[in-house]
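Colleague: Could you take a close look at the cysteines in this one for me? I would also welcome a word on the aromatic rings and the overall fold, if you have time.

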Amino acid sequence: MAGERDEMMMRIALEEAGAASSWGDVPIGAVVTRDDEVLARAANARERDRDPTAHAEVLALRSAAQRLSTWRLEDCTLYVTLEPCAMCAGAIVLARVERLVFGGKDDKAGFAGSLGDLVRDPRLNHAVEVESGVLAEECGELLRAFFRERR
């Protein structure tokens, strides 16, 4: 069940998402936490870095792993403003993230319940606890505004 901490962390992810739109990237932000500590925060940077893998989730996971000096993020929660795609869902599973909290669903590319559910696939050696819909309206409005400006 989402609570005050989840909303607080999602607001940080929303700040990151806002930064992404400032450099022309789709406004998606991510935060990795352990207990009450923010380990890493990142925004989409595909356009800025000219890197197809520079999704907010991947960048935040890399940064958290570097900070903890391990790729295993077993006691960590990842907050992200939009449901992760297949690439990011795979990275979340491989990093052994304990919990995923996201804002808006992504019916076109989401792999944490929409198009597929990679993060909870019982055939894999790790399943992630998932909480969706945290500040979904705010997360969705940021994306809608970004795409409205581009049409």
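Modeller: Let's start with Cys 88, which is buried, since its relative accessible area is 0%. Please keep in mind throughout that this is a predicted model. The cysteine sulfur closest to that of Cys 88 belongs to Cys 85, at 3.7 Å. A disulfide would need the two sulfur atoms within 2.5 Å, so the 3.7 Å between Cys 88 and Cys 85 is too far for a bond. Cys 76 is buried as well, with a relative accessibility of 1%. For the sulfur of Cys 76, the closest cysteine sulfur is the one in Cys 88, and at 16 Å that is also too far for a bond. In keeping with this, searching the whole structure for disulfides gives zero.

Now to the rings. The whole structure holds one aromatic pair. Its members are Phe 146 and Phe 147, with ring centres 5.1 Å apart and planes at 85 degrees, so the pair is edge-to-face. An angle over 60 degrees is what that label asks for. The two partners differ in their surroundings: Phe 146 counts as buried because its relative accessibility is 5%, whereas Phe 147 is partly exposed at 34%. Phe 146 has a further neighbour in Arg 150, whose charged end sits over the ring, 3.6 Å from the centre. Another arginine does something comparable elsewhere: Arg 48 lies over the face of Trp 23, 4.3 Å from the ring centre.

Stepping back to the fold, you will find five helices and five strands. Their order along the sequence is α-β-β-α-α-β-α-β-β-α, which begins and ends with a helix. The C-alpha trace spans about 45 × 30 × 30 Å along its principal axes. The radius of gyration is 14 Å, which agrees with the value near 15 Å for a compact globule of 151 residues. Of those 151 residues, 50% count as buried, and Cys 76, Cys 88 and Phe 146 are among them. Looking at contacts with a separation of 6 or more, 57% join residues that are 24 or more positions apart. As for the outside, the protein exposes about 7,700 Å², of which carbon and sulfur atoms supply 49%.

To return to your request: Cys 88 is buried, and its sulfur is too far from that of Cys 85 for a bond.

Technical notes: Residues are numbered from 1 along each chain as its sequence is written. This is a predicted model: local features need pLDDT of at least 70, side-chain atom pairs count only at pLDDT 80 or more; totals for chains, interfaces and linings use all residues. Side-chain values use heavy atoms; hydrogens and water are left out. Rings of Phe, Tyr and Trp (its six-membered ring) pair if their centres lie within 6.5 Å; planes under 30 degrees apart count as stacked, over 60 as edge-to-face and the rest as tilted. Buried means under 20% relative accessible area, exposed over 50%, partly exposed in between (1.4 Å probe, protein chains only). A charge sits over a ring if NZ of Lys or CZ of Arg is within 6 Å of the ring centre and within 35 degrees of the ring normal. Helices (H or I, at least four residues) and strands (E, at least two) are DSSP runs, numbered from the N terminus. The radius of gyration is taken over C-alpha atoms; the globule rule is 2.2 Å times the number of residues to the power 0.38. Contact means heavy atoms within 4.5 Å. Accessible areas come from the Shrake-Rupley method with a 1.4 Å probe; for residues, only the protein chains shown count as cover.
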